[in-house]
Amino acid sequence: MSIPDGHPPFFPPDKIGVLLVNLGTPSAPDPASVRRYLAEFLSDRRVVEIPPLVWQPILRGIILRTRPRKSAHAYQQVWRPDGSPLAAITRAQSDALQGAFGEGNFVDWAMRYGDPKIADRLISMKEYGANRILIAPLYPQYCAATTATANDKAFEALAKMRWQPAIRTLPPYHDHPAYIAALKASVEESLSRLDFEPDAILASFHGMPQRTLELGDPYHCHCRKTARLLSEALGRELIVTFQSRFGRAKWLEPATDATLAALPGKGVKKVAIVAPGFSADCLETLEELAIRGRETFLGAGGTHFGYLPCLNDSPAGTEMLQTILREALAGWTQPA
């Protein structure tokens, strides 16, 4: 049979792509870059569930006039020579996973807000020959404002493709044994490096408006289960808190900053804090917890404060990602 004019003479061999997705970051730690990032982030209807006719004048008014300068200062305190911590670590996670899922298959990374964009990376992966792609939002606990909006953006890009690749999405892994084991190993290693024994360990998760729980978002339950399983694995109690409150709405409680301020008055003078909801250290962990959290606790009378890093691209973290990603790719790749 002859090949019709204009048709390719052959199809390239199928490849499998894994796209790691994290929240996002400004391109530079300056007010203009932060303003562009916040405008995109805070315009997402999944992030701020207020009607745009009400919200956009507030966002474009006082918020984008005042918040970028303050946030830029915070980013400047944690910015690395290779850029934003979140972007640099996510890129390192991607690099560490190359070759883990079979010859010819590959891993890439993207940000929901900012660069590299999900749509651009999906197009690049498709052009490279990936006809099967796993979208992997790196959020252990499912939340519509994180996991769902990353998937939304991916499918928005797919809607514009005539020849779509087959797609899977990574499910939440808040209670996966490999995740809990990696957290346990990471926490114990970090604790061993401290020069003090903490009176208490806080597990701080990113906060969400209380309304998200009431609307059926499982995030709060996922966080609580992660903390319970980690507590059982460590054999010690964890104090669960929620950070990063924004606006006047009621948020999940107890608040991390309020808890840190109150503990010294209860006789808890030495604390360590871990952020099990973050797959990579970022502004919310390195500045909000490690810097401002320390200041809050010591200012309230605490004597010792230790921040325990996220899994990042550590060997334990990379092994854990290999495990959960390989499970999600079952049937697409040969067993390891």
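1. Helix 8 covers residues 219-234, 16 residues in total. From its first C-alpha to its last it reaches 22 Å, close to the 22 Å expected at 1.5 Å a residue. Keep in mind that this is a predicted model.

2. Which residues of helix 8 are buried? The list runs Tyr219, His220, His222, Cys223, Thr226, Ala227, Leu229, Leu230, Ser231 and Leu234. For reading that list, it helps that residues three or four places apart in an α-helix point the same way, because there are 3.6 residues a turn.

3. As for what those buried residues pack against, the partners are helix 6 (177-193), helix 7 (210-214), strand 5 and strand 6. Right after helix 8 comes Gly235, and its phi is positive, near 75°.

4. Now the sheet. It's an open one made of 4 strands, with parallel pairing and the order 6-5-7-8. Strand 6 (239-243) and strand 8 (304-308) are the edge strands, each pairing on one side only. On average, neighbouring strands here are turned by 25° against each other, direction ignored.

5. A closer look at one pair: strand 5 (residues 200-206) and strand 6 run parallel and are joined by 5 bridges. If you want a spot to find in the viewer, try Phe205, which stands opposite Phe242 in strand 6. As a reminder, strands of a sheet pair through backbone hydrogen bonds.

6. Helix 11 (residues 288-299) is worth a look too. It lies across strand 5, strand 6, strand 7 (270-274) and strand 8. Relative to strand 8, helix 11 runs at about 165°.

Conventions. Residues are numbered from 1 along each chain as its sequence is written. This is a predicted model: local features need pLDDT of at least 70, side-chain atom pairs count only at pLDDT 80 or more; totals for chains, interfaces and linings use all residues. Side-chain values use heavy atoms; hydrogens and water are left out. Two strands pair if DSSP finds at least two bridges between them. Helices (H or I, at least four residues) and strands (E, at least two) are DSSP runs, numbered from the N terminus. Axes are lines fitted to C-alpha atoms, for helices over the stretch in contact, and angles run from 0 to 180 degrees between N-to-C directions. Contact means heavy atoms within 4.5 Å. The expected span of a helix is 1.5 Å times one less than its number of residues. Buried means under 20% relative accessible area, exposed over 50%, partly exposed in between (1.4 Å probe, protein chains only).
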